[in-house]
Amino acid sequence: MKNSRNIKKFLKIVFEKNKLIASIAFVIMLVISMLDLSIPQVTRLILDDAIINNKTNLLIKLVLLYAIISIFSALFTVILEYIYSKMKKRASIKLKIRLLKHLSKLSGEYYTNIKTGNMLSIIENDIFIVENFGAEILFSLIVDGLTACIALFFLVRMQSDLLLIVITLQVMLTFIQSKFTKVIAQKTEEVRKDSGNISNIVQEYVSNIMNVIISKSSFNFFKRYIKQEKGLINKCIKLDMIISSNISASMILSSLITICIYGYGGLKIIKGNMTIGELIAFQQYTGMLIGPCINIIRSNTRIQQSLVSINRIFSILDEPIIINQDNNSSIIKEDFSGNITFDNVVFSYDEDRILDNINIEFEKGKLTALVGTSGCGKSTIVNLLFRLWDIDEGKIMIDNIDIKDYNLKSLRKNISIVTQDLLLFDDSILNNLTIGNKNISKKFVKDVCNRVDLYDFINGLPNGFDTIIGEKGVKLSGGQKQRVAIARAIISNSSIIVFDEATSALDNISQKKITENISDLLKNKTVIVIAHRLSTIKNADKIYVIDKGRVIESGNHEELILNESTYYSLVNEQKQELALS
Ligand SMILES: Nc1ncnc2c1ncn2[C@@H]1O[C@H](COP(=O)(O)OP(=O)(O)OP(=O)(O)O)[C@@H](O)[C@H]1O
């Protein structure tokens, strides 16, 4: 049920906007098949009419006809290949884009459990495998079936007793092939799964190579990697042996069929019950019966293998979009005023409650800080504001409208989050600052860079703003990366900016200088700061102290110090730590 549903959906993608070209391919395939089916008739005429009766003119005509049929058949095959290749590539690009787009619409819960290697294996390997599935295989099945039927018709008319022997062997061949097919499909799936696991490990290693070296964990990686690879080698060898045994068994049975035709047919010629022309034509038609039958059975193996990949592809495409992107009535806002309210918000990732009746307000033009011990739920508040997850109870509102009522794209466009593990592209520093947005004036970019103390550094680079910063910004220091991230958020001009541990790699003096320099650019924005270093949020308009998912204190620095409660203790703890160091 699931299989046929997924195949239907897949074929819809393949044939979408390709109907005309697919029809042309089908007609060409039919023509090729008819041309091939006429060859044995021409052969028989050459042997039994032209040669036996010494008709030179007829021989020349028939040989020419043979040549023309062969040339046209070859020509049409090339055209067909071109059409299939075009259709295949179009379909696979379409699928890849759909997958990548769908991925960006899924929820934080999905991203938390995602295995990158598996995902890459689906996007690359599975789509490559299903490329050959689709029009080509479907049309081949139809045309092969038709060819086999026509060949059978001629064979019955020519020698029915010889055909009986051929068919008996053919049935045996079909039976053996179908048994192999099942085992091959099962083993292929196992190999595919193991390959996905290996991709995960390699991906983890390559994308963290520096950290792997620093943490001296490459031995651990190789132990896991080699164990998996050894297991995969054994499975691949087994699969290859099954496939080659299958081919050998078919070859033996095919030879047996040829032996029977020449042996039994030869006897019939000796007894005068068959002509040489008929024997050769019979043998050619037998090939046209067996070939397509084997193709159909092999297609079944390919279909089974493709089916595994199709199901894996649709396991992502069918993943429901829990975070509703844009219902028809959703509000699109270019610019928020930016007053945010968390009203009795309750949230859990799994079973454990992470936020327990949270009530917080972030006001436009004000800097609001969230503080608290590690794991108390500060980043979760930001994740919920950005709707990576939806809340369980309560309401989050911006400008008095529930964030679920906003068009998601519009909501996210208005929020910039600067995190510790920022995303840097292997691109120019300018594109990293503007995220490729060409409408931003260079003057503004330069001004912001100046403010975050980045301008002199960029100017000193060999290609200035056009310098490529390497994968994950490998050519930048931790502090420079954070400056880029802060600059990027300001350049994006969102009405809400969140700094989540955004200055952790900067020293106190740099941090203070940057904060002062950018303060006028943040004047009309809603600024949220999450910081462990409490000295950085001393000037915040309001500070919320979170503990175990609850707000336990709020106020400005002076008020909270006077309270002599949790915030006061945290500040003192940090002061003592600083004094000790
Ligand atoms: N994607 C997730 N799936 C399940 N649990 C999560 C997920 N992200 C965070 N948590 C859990 O939620 C709790 C709050 O995490 P959160 O990141 O909000 O804390 P935090 O206050 O920002 O911590 P820190 O100051 O260390 O960054 C933690 O117990 C954490 O283990």
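A residue is taken as near the ligand if its C-beta atom, placed from the backbone, lies within 6 Å of it. The model examined here is predicted. On this basis, 13 residues surround the ligand. Those that come nearest are Tyr349, Ser374, Lys378, Ser379 and Thr380. By class, the shell holds 8 polar residues, 3 nonpolar residues and 2 charged residues. Two helices each supply at least two residues of this shell: helix 4, spanning 108-113, and helix 11, spanning 378-385. Helix 11 gives the most, with 3 residues.

The UniProt record, an unreviewed entry, carries the annotation "transmembrane region" for five stretches. These are residues 20-39, 59-84, 137-156, 162-180 and 247-265. Two of them were examined in the model. Residues 137-156 are 100% helix and 0% strand. The end C-alpha atoms of that span lie 28 Å apart. Residues 247-265 are likewise 100% helix, with 0% strand. Here the end C-alpha atoms are 26 Å apart.

Ile543 belongs to strand 9, which covers residues 542-547. Ile543 counts as buried because 22 other C-beta atoms lie within 10 Å, and the cut-off for a buried residue is 20 or more. Beyond its neighbours within four places in sequence, Ile543 is in contact with Ala369, Val371, Ile537, Ser554, Gly555, Asn556, His557, Leu560 and Tyr567. Ile530 lies 13 residues from Ile543 along the chain. The C-alpha atoms of Ile530 and Ile543 are separated by 9.8 Å.

Technical notes: Residues are numbered from 1 along each chain as its sequence is written. This is a predicted model: local features need pLDDT of at least 70, side-chain atom pairs count only at pLDDT 80 or more; totals for chains, interfaces and linings use all residues. Helices (H or I, at least four residues) and strands (E, at least two) are DSSP runs, numbered from the N terminus. Ala, Val, Leu, Ile, Met, Phe, Trp, Tyr, Cys and Pro count as nonpolar, Asp, Glu, Lys and Arg as charged, and the others, Gly among them, as polar. UniProt positions are given in the numbering used here, feature names are shortened, and annotations may be inferred rather than shown by experiment. A residue is buried if 20 or more other C-beta atoms lie within 10 Å of its own, exposed if 12 or fewer, and partly exposed in between; C-beta atoms are placed from the backbone. Two residues are in contact if their C-beta atoms, placed from the backbone, lie within 7 Å.
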